[in-house]
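Me: I am new to this structure. Please take me through it in short steps.

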Amino acid sequence: MTDQHFQVAIIGAGPAGMAAACTTTKAGLHTIVIDDQKDSGGQVYRNLKANHSLSPTYLGDSYYAGTKLSNDFAACGANYLTDCTVWQITNSHEIALVSCGKAELITADYIIIATGAIERAMPVKGWTLPGVMSVGGAQTLLKQAALGADEAVFVGSGPLLYLTVWQYINAGLSVRAVLDTTGRSQWLSALPFAPLAFLQPDMLAMGQKWLREIRQKVDVITNVEGVEIAGRSRVEGLSYTTSSRERIDLPAKYVFLHQGVIPNINLSMATGLEHRWDQKAHYWTPVTDATGKSSDEQIYIAGDGNGVGGAKAAAITGRLSASAIVARYGKPRLMAQLYYKLRHLHFLSIRPFLDRLYLPEVRFRIPQNDETIICRCEAVTKADISAALGSGATGPNQLKAFSRAGMGRCQGRTCGLMVQEMIADHTGQSMAAIGYYRLRPPVKPITLAALASLEGTWPQ
Amino acid sequence: MDFPRGDLMFRPVMTKTGKPVEFQFEDEIITAIDGDNVAAALLKAGKIQFRTAKKHDTRGPYCMMGVCFECLVEIDGRPNQQACQAMIRDGMQIRRQQAPDLDGDFEG
């Protein structure tokens, strides 16, 4: 790379990152976008360009809604690094990255972290068996490689689950069953917020359409509990309990799990930014102002990484953060900012309803079975964590030393909230008081060879 | 560790055109389409067990977006490669990543 300094560096090329880059480049700011995927779009608009030429209709309108933004981003003139891992942001706003196996440092006046969301874990017995995937993973295969598995069982809750099932049946795949784990108490807590959700009538209508079309072709079983997946070295079947307390066995080769998405906070936390526990949404989220400005004046956080709001809201928050940065260069965009803020509030109107409806109950957040693995990387079971707690581990970081949970390659992305909640249960403290793993750079594993290739000074 | 093959496998839902590429997985030659990632190419060939975490604990792709590190394989002799992030290439040699045997029976 010839340039080492930029006015704006955007990390992540999903809807938030793409929209932010369109805004900063339009204002003439020297911008770089860094993304770890091969193509822009993030997860939600993954592989959009390639799919657009083949235009399979099964992915639906909500997917192709990203077309204009992707095209605008491709034409916006921002420097764009693909296939590139950011592993650290330093106090002096150096961004350490690995591109083509080589480590580099760049600097920026302002940084927008737009690293999106990841799926919340659904730790049921047998969830580590090959053949079990997250629903997001199954959807990625459909978008990226046009691959699907017939007779799969979808288990869990949330909009992404139903969207993916809908895409599956539209692609001509047979779906064995949908086992919906949404409990009655979730419906009760969500109902008061239903009127607010009607501010997003098109979203509600879309959900209704998916459900109607799915029910015509697939068994949708609601109020499912006690899900256990069986198999020796791959999935062979699963069992569950119905609302009438009947135990059902179902043969299956593929099981796709989903319990909603949570902000991907590994980079923002490892950067030392302030975070807060959102008890209603049940996840950690960065502390920011309305424009996404974090506890570090130079760093903004846009998109689902700053609280899950979906693709449209993510794009708006990208524009909001970007226009706030543009304003700091003496080009205030007051009307635009007001417009973005109102649009953002509008998109968020459905969230109180969705967040309450689809927040998994505790029996789906923590394994019910002692042998179930919590930390997949280090194969640490619930019993192992209980034992560590029994020997006096009092917090997530001490528990790492006791059990190795969270010390694997995914750096706690999968097990973090489960471990934290088990500690909270054991000690009777709140989730906020327990805190999260202390995350440190590098936020993604990098090789020593890549590190050794770093020329000049080390990150300060 | 034996890796039995399932009957149902991931299948293409539309015709994708592209240059065919040949790669080796364990002792098998498999054809894929240029532009697929390694995980997709293996799943399409019915391979879902990518590695072992420890004895009798087999793992396969889970998140497909680079977060979970479950799909690690050995590519051209380099261990710890994320199959969902690596692109398949002609002549690639891919092997399952075996966890060190915790009972002390290390190979090689």
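**Two helices, then the whole chain**

Reply: This is a predicted model. In chain A, the axes of helix α6 (residues 159-170) and helix α9 (residues 201-217) come within 9 Å and cross at roughly 50°.

Me: Is α6(A) parallel, perpendicular or oblique to α9(A)?
Reply: The two axes cross at roughly 50°. Angles under 35 degrees count as roughly parallel, and 65 to 115 as roughly perpendicular. The crossing angle therefore makes α6(A), relative to α9(A), oblique.

Me: Is the crossing of α6(A) and α9(A) left-handed or right-handed?
Reply: Residues of α6(A) in the contact include A:Tyr162 and A:Trp166. Those of α9(A) include A:Trp210 and A:Ile214. The crossing of these two helices is left-handed.

Me: Which helix gives the largest share of the largest nonpolar core?
Reply: That core has 104 residues. A:Phe154 and A:Val255 touch the most other members. Seven residues, the largest share, come from helix α6 of chain A.

Me: How many residues does the other core have?
Reply: It lies apart from the largest one. Among its members are A:Cys22, A:Leu69, A:Ile299 and A:Ile301. Its residue count is 59.

Me: Why is chain A said to be as compact as a globular protein of its length?
Reply: Chain A has 19 helices and 22 strands. For 460 residues the globule rule gives 23 Å. Chain A counts as that compact because its radius of gyration is close to this, at 22 Å.

Me: What percentage of the residues in chain A is buried?
Reply: The chain has 460 residues. Its C-alpha atoms fill a box of roughly 65 × 50 × 40 Å. The buried share is 53%.

Definitions and conventions
Residues numbered from 1 in each chain as written. Chains lettered and ligands numbered in written order. Predicted model: local features only at pLDDT ≥ 70, side-chain atom pairs only at ≥ 80, totals over all residues. Helix = DSSP H or I, 4+ residues; strand = E, 2+ residues; numbered from the N terminus. Rg over C-alpha atoms; globule rule 2.2 N^0.38 Å. Buried ≥ 20, exposed ≤ 12 C-beta atoms within 10 Å, placed from the backbone. Core = buried A, V, L, I, M, F, W, Y, C linked by C-beta atoms within 7 Å. Axes fitted to C-alpha atoms, helices over the stretch in contact; angles between N-to-C directions. Parallel < 35°, antiparallel > 145°, perpendicular 65-115°, else oblique. Left-handed = near helix turned anticlockwise from the far one by under 90°. Contact = placed C-beta atoms within 7 Å.
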